[in-house]
Amino acid sequence: MTQHFSCQATASRRLAVALALATLALAGCKDQAASPEAPPGAPAPAPVAPPAPPVAPVAPAAPAAEPTAAAAAAPAAAPRKLPLAVQGVAPAGVTVRVKGVELGSDATVLDVSISFANRITDSTMLALADTFLEDESGARLHIKRPDGNRDITIREGQTLDGQLVFLGSVPATAHKLRLVFNDGNDGDNIVAPGLVMELPLQAGG
C-alpha cells in the first residue's frame, strides 16, 4: 500500500511539473507575440515619437521693385508759348519787334525781327554791353550769345529774323518782363545803342 501510494504521488508531481512548464511556455509565446525578441542584455527600445506633421514650404519674399529711370526722373513741364506784338525803336536806327515768347524751365526764348538803318555807320551791335531779360523781382536772365555773332552785330539796311535765348526760367506769376539791350548805353549810341522794352505776359500786365 505504501509503495503504491508513493508511485501515485510521484506521478502527480510529474503531472504538476508538466502543467507548470506548459503554462510558462504559453506565457512566453504571448510575450513574444506582444513584443519582438530582443537579444539578451540589450536595453529596451525607446518609444518611437509620432511623425511630425508636414510643414508647408515658405515662399521667398519677392524683391522690392526698383524704380526705373523713367519713373525716377520727373517729366519736365512743357514750355509755355505766348504770342506778342511789341516793338521798340532806338534813335540810332535800330528797330526790334518781339513776336512771341516761349517760357521754359531752363531758358526763355524770344521770337524777334531786328532791323538797322543809319546813314552814318554801316553796322551796330545790340549785345556789346549787358543784354538781358528782367522780371518784376529784379532777377536777370542774361542772353546766350550766339557762337557766330556774340555781340549781335547787324549791318546797315539788314534785317535779322530769329530767336534770342536767355538762360533761366521766368516765374509763372510774372505779369511782365523788361528786355534790355546794351544796359546803360544811350539810345543814340551808334556803336551799341541802348534799348529797353516792356513785354506783357498776362492780360492787363
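**Briefing: overall fold, Threonine 121 and Isoleucine 190**

The chain exposes about 14,100 Å², of which carbon and sulfur atoms supply 60%. The model is predicted, and buried residues make up 27% of the 205 residues in the chain. The points below go from the chain as a whole to two loop residues that touch one another.

**Chain as a whole**

- The chain has 2 helices and 10 strands, and read along the sequence these follow the pattern α-α-β-β-β-β-β-β-β-β-β-β.
- Among the contacts in the chain with a separation of 6 or more, 60% are accounted for by residues 24 or more positions apart.

**Threonine 121**

- Threonine 121 lies in the loop between β3 (107-116) and β4 (123-125), and its relative accessible area is 19%.
- Because buried means under 20% relative accessible area, threonine 121 counts as buried.
- The side chain of threonine 121 reaches the backbone oxygen of serine 123 at 3.1 Å.
- When residues up to four places away in sequence are not counted, threonine 121 touches Phe116, Glu156 and Ile190.

**Isoleucine 190 and the nonpolar patch**

- Isoleucine 190, one of the residues that threonine 121 touches, lies in the loop between β9 (176-181) and β10 (195-200).
- Isoleucine 190 has 30% relative accessibility and therefore counts as partly exposed, whereas threonine 121 is buried.
- On the surface, Ile190 forms a nonpolar patch with Ile120, Leu128 and Val191, and together these residues have about 340 Å² of accessible area.

How values were computed:
Residues numbered from 1 in each chain as written. Predicted model: local features only at pLDDT ≥ 70, side-chain atom pairs only at ≥ 80, totals over all residues. Heavy atoms only, no water. Helix = DSSP H or I, 4+ residues; strand = E, 2+ residues; numbered from the N terminus. Buried < 20%, exposed > 50% of the residue type's maximum accessible area, 1.4 Å probe, protein only. Contact = heavy atoms within 4.5 Å. Areas by Shrake-Rupley, 256 points an atom, 1.4 Å probe, with all protein chains shown as cover. Polar contact = N/O pair within 3.5 Å; in protein donor to acceptor, adjacent residues only side chain to side chain. Patch = residues over 30% accessible without salt bridge, like charges linked within 9 Å, V, L, I, M, F, W, Y side chains within 5 Å. Salt bridge = Lys/Arg side-chain N within 4 Å of Asp/Glu carboxyl O.
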